[in-house]
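Here is a short set of exercises to work through with the model open beside you. Try each task on your own before reading its solution.

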Amino acid sequence: MNPPAMNQQTIRTLARLTFGNAASLLYLGAVAVAAVFVTVDTLFVTHDDASFAGVWLFLMAAPTVFLFLLGGSLAGAESFGPAWFMYLALTVSVLVQSLALGWFVRLVVRGGARRTGSAHPQGA
(Lines give C-alpha, C1' and ligand atoms only; values in the text may rest on other atoms or scores of the structure.)
Protein backbone atom coordinates (compact mmCIF):
# COMPACT_ATOMS: atom_id res chain seq x y z
CA MET A 1 0.00 0.00 0.00
CA ASN A 2 1.29 3.48 -0.85
CA PRO A 3 1.92 5.95 1.98
CA PRO A 4 -0.21 9.10 1.98
CA ALA A 5 1.24 12.01 0.01
CA MET A 6 1.11 14.45 2.92
CA ASN A 7 1.96 12.78 6.19
CA GLN A 8 1.95 14.48 9.55
CA GLN A 9 5.67 15.23 9.47
CA THR A 10 5.36 17.03 6.11
CA ILE A 11 2.44 19.14 7.35
CA ARG A 12 4.36 19.99 10.52
CA THR A 13 7.42 21.02 8.48
CA LEU A 14 5.35 23.22 6.15
CA ALA A 15 3.63 24.87 9.13
CA ARG A 16 6.99 25.47 10.83
CA LEU A 17 8.40 27.06 7.68
CA THR A 18 5.30 29.23 7.21
CA PHE A 19 4.71 30.34 10.81
CA GLY A 20 7.71 29.24 12.87
CA ASN A 21 10.47 31.72 12.19
CA ALA A 22 10.98 35.41 12.85
CA ALA A 23 11.13 36.48 9.19
CA SER A 24 7.83 34.81 8.30
CA LEU A 25 6.15 36.16 11.42
CA LEU A 26 7.35 39.69 10.66
CA TYR A 27 6.01 39.40 7.11
CA LEU A 28 2.66 38.02 8.27
CA GLY A 29 2.45 40.73 10.93
CA ALA A 30 3.09 43.46 8.35
CA VAL A 31 0.39 41.98 6.12
CA ALA A 32 -2.03 41.88 9.06
CA VAL A 33 -1.30 45.54 9.86
CA ALA A 34 -1.91 46.46 6.22
CA ALA A 35 -5.18 44.49 6.22
CA VAL A 36 -6.38 46.33 9.34
CA PHE A 37 -5.41 49.65 7.73
CA VAL A 38 -7.35 48.78 4.57
CA THR A 39 -10.37 47.64 6.58
CA VAL A 40 -10.45 50.78 8.72
CA ASP A 41 -9.95 53.01 5.70
CA THR A 42 -12.71 51.26 3.78
CA LEU A 43 -15.27 51.18 6.57
CA PHE A 44 -14.71 54.36 8.56
CA VAL A 45 -13.08 56.98 6.32
CA THR A 46 -15.14 58.91 3.81
CA HIS A 47 -13.48 59.77 0.54
CA ASP A 48 -14.55 62.08 -2.27
CA ASP A 49 -12.62 59.80 -4.55
CA ALA A 50 -11.69 56.14 -4.46
CA SER A 51 -9.10 55.15 -1.86
CA PHE A 52 -5.95 53.38 -2.91
CA ALA A 53 -5.44 51.73 0.49
CA GLY A 54 -6.11 48.27 -0.96
CA VAL A 55 -3.09 48.63 -3.20
CA TRP A 56 -0.84 48.06 -0.17
CA LEU A 57 -2.18 44.54 0.27
CA PHE A 58 -1.56 43.73 -3.37
CA LEU A 59 1.95 45.15 -3.18
CA MET A 60 2.71 43.05 -0.10
CA ALA A 61 1.31 39.94 -1.78
CA ALA A 62 3.07 40.57 -5.10
CA PRO A 63 4.15 38.78 -7.27
CA THR A 64 2.25 35.60 -6.45
CA VAL A 65 -1.14 37.30 -6.14
CA PHE A 66 -0.83 38.48 -9.73
CA LEU A 67 -0.11 34.92 -10.85
CA PHE A 68 -3.28 33.71 -9.12
CA LEU A 69 -5.33 36.54 -10.61
CA LEU A 70 -3.88 35.87 -14.05
CA GLY A 71 -4.73 32.20 -13.67
CA GLY A 72 -8.27 33.15 -12.68
CA SER A 73 -8.68 35.40 -15.68
CA LEU A 74 -7.34 32.67 -17.97
CA ALA A 75 -9.89 30.31 -16.43
CA GLY A 76 -12.68 32.68 -17.47
CA ALA A 77 -13.14 35.09 -14.57
CA GLU A 78 -13.81 38.68 -15.59
CA SER A 79 -10.99 41.12 -14.74
CA PHE A 80 -10.35 40.39 -11.04
CA GLY A 81 -13.20 37.90 -10.81
CA PRO A 82 -15.59 37.58 -7.89
CA ALA A 83 -14.66 39.10 -4.54
CA TRP A 84 -14.21 35.71 -2.87
CA PHE A 85 -11.61 34.75 -5.48
CA MET A 86 -9.67 37.96 -4.89
CA TYR A 87 -9.63 37.39 -1.11
CA LEU A 88 -8.66 33.75 -1.60
CA ALA A 89 -5.86 34.73 -4.00
CA LEU A 90 -4.56 37.31 -1.49
CA THR A 91 -4.64 34.83 1.40
CA VAL A 92 -3.03 31.95 -0.48
CA SER A 93 -0.35 34.16 -2.01
CA VAL A 94 0.60 35.61 1.39
CA LEU A 95 0.86 32.10 2.84
CA VAL A 96 2.92 30.90 -0.13
CA GLN A 97 5.29 33.82 0.25
CA SER A 98 5.58 33.24 3.99
CA LEU A 99 6.45 29.61 3.27
CA ALA A 100 9.04 30.68 0.69
CA LEU A 101 10.51 33.17 3.14
CA GLY A 102 10.74 30.49 5.85
CA TRP A 103 12.36 28.10 3.39
CA PHE A 104 14.88 30.75 2.38
CA VAL A 105 15.74 31.51 6.02
CA ARG A 106 16.24 27.80 6.71
CA LEU A 107 18.40 27.49 3.60
CA VAL A 108 20.59 30.41 4.67
CA VAL A 109 20.89 29.25 8.28
CA ARG A 110 21.66 25.65 7.39
CA GLY A 111 23.96 26.67 4.56
CA GLY A 112 25.88 28.92 6.94
CA ALA A 113 26.14 26.14 9.50
CA ARG A 114 27.56 23.74 6.92
CA ARG A 115 30.25 26.12 5.77
CA THR A 116 33.44 25.71 7.65
CA GLY A 117 36.74 27.48 7.21
CA SER A 118 37.55 26.63 3.61
CA ALA A 119 35.86 27.96 0.52
CA HIS A 120 36.75 24.82 -1.47
CA PRO A 121 36.10 21.74 0.65
CA GLN A 122 37.27 19.38 -2.13
CA GLY A 123 40.72 20.94 -2.05
CA ALA A 124 40.51 22.47 -5.50
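**Exercise 1. Work out how much surface the protein exposes and which atoms supply 70% of it.**

Solution. Step one: the protein exposes about 9,300 Å², an accessible area from the Shrake-Rupley method with a 1.4 Å probe, where for residues only the protein chains shown count as cover. Step two: carbon and sulfur atoms supply 70% of that area. Step three: turn to the inside, where 21% of the 124 residues count as buried; buried means under 20% relative accessible area, exposed means over 50%, and partly exposed lies in between (1.4 Å probe, protein chains only).

Before you go on, note that this is a predicted model, in which local features need pLDDT of at least 70 and side-chain atom pairs count only at pLDDT 80 or more, while totals for chains, interfaces and linings use all residues. Residues are numbered from 1 along each chain as its sequence is written, and side-chain values use heavy atoms, with hydrogens and water left out.

**Exercise 2. Describe the fold: how many helices and strands does the protein have?**

Solution. Step one: count five helices and zero strands, taken as DSSP runs (H or I, at least four residues, for helices; E, at least two, for strands) numbered from the N terminus. Step two: read along the sequence, which gives the pattern α-α-α-α-α. Step three: look at the contacts with a separation of 6 or more, of which 64% are between residues 24 or more positions apart; contact means heavy atoms within 4.5 Å.

**Exercise 3. Characterise the largest pocket by its volume and its lining.**

Solution. Step one: recall how empty space is found. Rolling a probe the size of a water molecule over the atoms shows where empty space is left. Here a 1 Å grid over the protein atoms alone is used, and a pocket is an open set of points where a 1.4 Å probe fits, with protein on both sides within 12 Å along at least five of seven lines; lining residues have an atom within 4 Å of a point.

Step two: the largest pocket has a volume of about 350 Å³, that is, the space filled by probe spheres set on the points, with grid points joined across faces, edges and corners. Step three: its lining has 14 residues, and Val38, Leu57, Phe58, Tyr87 and Leu90 lie nearest the centre. Helices α2, α3 (54-61) and α5 (83-114) each give two or more residues to this lining.

Step four: sort the lining residues by type, which yields 11 nonpolar, three polar and no charged. In this sorting, Ala, Val, Leu, Ile, Met, Phe, Trp, Tyr, Cys and Pro are nonpolar, Asp, Glu, Lys and Arg are charged, and the others, Gly among them, are polar.

**Exercise 4. Is leucine 90 buried or exposed, and what does it touch?**

Solution. Step one: place leucine 90 in helix α5. Step two: its relative accessible area is 11%, so leucine 90 is buried. Step three: leaving aside neighbours within four places in sequence, leucine 90 is in contact with Leu57, Phe58, Ala61 and Val65. Step four: leucine 88 also lies in helix α5, but with a relative accessible area of 44% leucine 88 is partly exposed.

**Exercise 5. Find the polar partner of the side chain of serine 24 and of serine 93.**

Solution. Step one: serine 24 sits in helix α2 (residues 22-44) and is buried because its relative accessible area is 0%. Step two: its side chain reaches the backbone oxygen of serine 98 at 2.9 Å, a polar contact (a pair of N or O atoms within 3.5 Å; within protein, one must be able to donate a hydrogen and the other to accept it, and residues adjacent in sequence count only if both atoms are side-chain atoms).

Step three: serine 93, in helix α5, counts as buried because its relative accessibility is 0%. The side chain of serine 93 reaches the backbone oxygen of alanine 89 at 2.9 Å.

**Exercise 6. Which residues does a cis peptide bond join?**

Solution. Step one: start from the usual case. Most peptide bonds are trans. Step two: the cis bond joins alanine 62 and proline 63, with omega about 5 degrees. Step three: proline 63 is in the loop between α3 and α4 (64-74).
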